[in-house]
Every structure is written in structure tokens, then in C-alpha cells.
Amino acid sequence: MTDLSFDNRFINNLPADPETDNYCRTVENAAYSFVSTTKTAAPKLIAVTQEFATQLGFSSETIRSIEFTQVMTGNRLLPGMQSYAHCYGGHQFGQWAGQLGDGRAINLGELITATLGNQTLQLKGAGKTPYSRHADGMAVLRSSIREFLCSEAMFHLGIPTTRALSLCLTGEQVVRDKMYDGNAAFESGAVVCRVSPSFLRFGSFQLPASRGDQLLLIQLVQHSIKADFPHLLTTEGNFTADLYLDWFSEICNRTSEMIVHWMRVGFVHGVMNTDNMSIIGETIDYGPYGWIDDFDLNWTPNTTDEHEKRYRFGGQSQIGQWNLFQLANAIFPLIGEAEPLQAIMSDYAINYQNRWCNMMAAKLGFKAYQGQSDLQLFQSLEKLLTAVETDMTLFYRLLANVANDLDLQSHSQWLALFAPCYYDLPGLDTQYLQSFSQWLERYLARINFDGLTQLQRAETMNQVNPKYVLRNYIAQQAIELAEQGDFSEILKLQIILQNPYQEQAENQDYAKKRPDWARNKIGCSMLSCSS
Ligand code: AMP
Ligand code: MG
């Protein structure tokens, strides 16, 4: 591993906390604190993302070495690595929470890669930092498995996300009150090495802004532009208000693109606090996230949010906008006038709507979005999908099989085609069947207007409508096995989720709808923030 090179621009460009002792504190005028990882008793590698590791420059021989496991659990630093925790703030569930920071994430530095630019390696669960507040700086196996599998699943679905390089056990036990109900228990500690060009969050900028620390705010914005948005820089390299606006506009764009992807595949982030919003528009911080089984815009997997449902599936775009508004407020001192920021925010809403319409058109197999009449088709479909419990993922794959001249005369014929996606097939009433058949009639007219053959349409639809997503119950099954020491299911899911759009005849079981036992099970449909 000595051939790996690091270029720690974050550290070199931004001010450090002068205090190097590791105790909880308020940190001002600094973007990060140097901190050492906590050494662990018996680290063990469970899974690694082989192809990504190769891209980062880790050879297969390296991955098999004890040294690799040592590095990925914070027991050893490579030459060039510098470990630090980033200081940021954030709005949590709509309330300003002040300083938060990397409470259990420790950055190791920026690896220089041949094809992926600088990639920051970060260990999640490697010990306390000055930002740990009252918590222990550790992560448990179940939440680490969830982050490891889901971030990679998202990547292979074509969705911007932080990556996961490795999943290790620490060999230590961690106490968690899983459902916050007074039943604390020991769980296995684990560390995920996650990787991204940038771990800056909206809250990274909000914190100095909230303290009136304009110097640090400017330094952070300029660092972000130089490191991750260099294409915005002019040849003179000047930092102007216009440049900051271009930067903000691109963040809005990336955020809207990311959320449209979430809506496309049925991903619910669960905790869209501003400290969990990546400045480069990646999905970040996989906590109590979930995947839509039956289509429900009001669903959230997060039990902490079960009453307000602030972060429900259908609210994600508005929350994205609310979060961007907080970022706009934070950078306002660098711009000096509100109008241009407001204009960009209005564009966000328009861009989101346009992107969403194009995405829906693609999901339905249309050549292009045709305006109002298509929009009505999408809206009636959403009503139908909500009216009776319909599995979203299965529905779109089945829709691709609809023949261009499907016979709608008898319900039983077309219903047989869609049967696998209903959670209560016998419960479907005539009114629903009639509405759905009317919708199919409009759909057939629309696809015949495009003139694609069924095969052509299915081919394009199956590239945007995944067959395999990390269904909540499937992740939970892998977790339960892993907690008994059997990691085989994690490795199997890793492989299946690498090709989410392919049929994979041998893995049909992993595409099945949620079984009844998982409907209200903790870990499947209900998750707390405890991790
Ligand atoms: P999250 O809800 O995961 O986005 O975390 C919110 C804040 O709590 C962040 O500052 C985290 O670093 C911190 N945090 C979460 N879990 C822990 C933990 N086990 N130890 C220390 N800090 C934590
Ligand atoms: Mg977080």
C-alpha cells in the first residue's frame, strides 16, 4: 500500500482547530480537528467492494493483507494519511441544532486516484471525536451493513452517492437501545470505510454563517469550488459573487437530480437534515432509510418521524428545496443581495418538475415527455398505485411486458399480467379494476402514438426501472444472519445489486414483493436513528 499517494487539500486549504486533545467541545474558527482513531481489539474484514478498490489503487493482494483490515478499522495509518474530524452544523427536523460535526466519522485524507480524482477515505464508527457530544463514536453491525449495501446499490442504480469500500467488524461490543424503548443491549461494533470526493454538507457552511464567521465561510466556499467545482472557475481564477451564484445554482441542480433519482427507484432517505445533504449532490448518511414496497407517497421508514412525516417519500423534493433555502441563507453574506438567490431557488422548483416529468416519461417507456396530457397520465397512475397496495418496483417491470395491443375487454386477462405486484389481489374491487383498465387504455394509446414495438419499449423501460432494489426485508435478513456470524448473504446481495436492471433468472426470489411477516417488523418497515 506504500504506492498510494495522498494530497490532503481539505487540511492544507482550511484552518485547523489548534487543540489536538480528543474531548468534546465547541470548535470555532476551524473547519476540522485532528483526531486519532480508536484502536480495536480484533478487527475482521467482512466485505470489500473489489472493483472500486481496484479503481482506488488497492491491489487484490493488498486487500487480502492484514494491513488492509488494520487501515480500514483505524488501527493503522498509511504514510500520507492524516486523520481528522470535520466541524459542521445543521438543521435537524426543521430546527437549528448548532454544532454537530463528524461525531463518529474520521477522515483519513484524500487518496489520489488515476481515474477518479481525489477521493477522501472516511471511517464511520472508528471512535470518539471532539464532535461526539454524548455518544460513543461507534457504529453497530446492522447499520454498517445497511450503509455498505445501500450505498453500493445506489451507485449501481446510477444514482450519485458516497461509495463504500469496506465493511469490518471491530471485535468490540457496543451498547444500543435500538428502538429507544429502554431495552439496551450489546451489539457488534463495525466500521465502514466510505469514500467520496467531498464530505462537505450544507451544514458545513451553515455553521460558520450562524456564528458570523465570514472568513471561514469564504474559505469553505472557495475550497469547495476549487476542489469539486473547478469547471466554474474562470481563467483569471477570481472569486466573485457571480461565481458563488453559479456554484449555488449547480448545487441546486445536483440536488434536484439526486432527488428525482430517489423518486425513480423508490428510495426514502429518512433523515434529510441539512447536515445530511452533500454539497456535491451525493446521497449521503445512510441511516433509517427505506425502499418503497407498496407505493405510498406518505411513507417514511424513520420511527422518529412517524407522526410529522417530514421526510416522507413524496415530500423529498420540497425538503430538498427547504434545505437549499437554508444554504442560500448561509451564503447570503457572500452575495449581498437576495434576488439572485431567490431566482435560483425558483429555478430549482421548475427544474425539479421538468426532470420529474422526463423521468416519469422514461419509466413509462415514452420516447419523450409530451406535456400536459402526459402529466395527467402520471397523476392518475399515482392515484391508482396509491388506491390499493401496489408494489412500485414490480409494477413498472410488469408494465414493460404489456403488449401494444393488450386486450382490455376482460379484466381477468390483463389482471393476470399484473397479479404479482398487488399485496391484496382478492381485495381489488370493480371500481378499481375499471379505473385501472381505463388508465391502461390511455396508456396503450400513448405508447402506440410513439410507435415503438413492445420489445423496444421494454428495453428502454428496463434500463430505468430496476428489477432488484435493496428491499427493507432483504437487508434485514442479511443483517440477522450476519449477527449470527454468517456473512454469506451480504456477499450475495453485493453481487445481485451490481446489476439491478438485469433479469438474473437465478435470483428471482430477491425481486419478490415484501412478505407479510415483514409488513410491520422492526428493521423492515420501522427504523430508528439508533445506529
Ligand atoms: P446522523 O443522525 O447520523 O446524521 O448524526 C447526527 C449527528 O450525530 C452527527 O454529528 C453524527 O456524527 C452524530 N452521531 C451519530 N451517532 C453517533 C455516535 N454513535 N457517536 C458519536 N456521534 C454520533
Ligand atoms: Mg449525519
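## Where ligand 1 sits

Ligand 1 sits in the largest pocket. Before you explore further, keep in mind that this is a predicted model.

Let's begin with the overall layout. The protein is divided into domain 1 (9-198), domain 2 (203-286 + 299-361) and domain 3 (362-461). Where does ligand 1 lie with respect to domain 1 and domain 2? Ligand 1 lies between them, because both domain 1 and domain 2 give residues to the shell around the ligand.

Now take a look at that shell. Ligand 1 is surrounded by 17 residues, and the closest of these are G101, G103, R133, G137 and N276. By character, the shell divides into seven charged, six polar and four nonpolar residues.

Some polar atoms of the protein and ligand 1 can be followed pair by pair. The table lists three such pairs, with G103, D136 and R176 on the protein side.

| Protein side | Ligand 1 atom | Distance |
|---|---|---|
| G103, polar backbone atom | oxygen | 2.7 Å |
| D136, N or O atom in the side chain | nitrogen | 3.2 Å |
| R176, polar side-chain atom | nitrogen | 3.3 Å |

How much of the accessible area of ligand 1 does the protein cover? On its own, ligand 1 has 480 Å² of accessible area, and the protein covers 81% of that.

Finally, let's turn to domain 3 and its relation to domain 2. Taken over C-alpha atoms, the centres of domain 2 and domain 3 are separated by 34 Å. The two domains are in contact, with twelve residues of domain 2 meeting twelve residues of domain 3. Domain 2 therefore appears twice in this picture: domain 2 gives residues to the shell around ligand 1, and domain 2 is in contact with domain 3.

Key:
Residues numbered from 1 in each chain as written. Chains lettered and ligands numbered in written order. Predicted model: local features only at pLDDT ≥ 70, side-chain atom pairs only at ≥ 80, totals over all residues. Heavy atoms only, no water. Near = heavy atom within 4 Å. Polar contact = N/O pair within 3.5 Å; in protein donor to acceptor, adjacent residues only side chain to side chain. Areas by Shrake-Rupley, 256 points an atom, 1.4 Å probe, with all protein chains shown as cover. 1 Å grid on protein atoms, 1.4 Å probe; cavity = no way out; pocket = protein on both sides within 12 Å on 5 of 7 lines; lining within 4 Å. Sits in = over half its atoms within 2 Å of the grid points. Nonpolar A, V, L, I, M, F, W, Y, C, P; charged D, E, K, R; others polar. Domains from an automatic or database assignment. Contact = heavy atoms within 4.5 Å.
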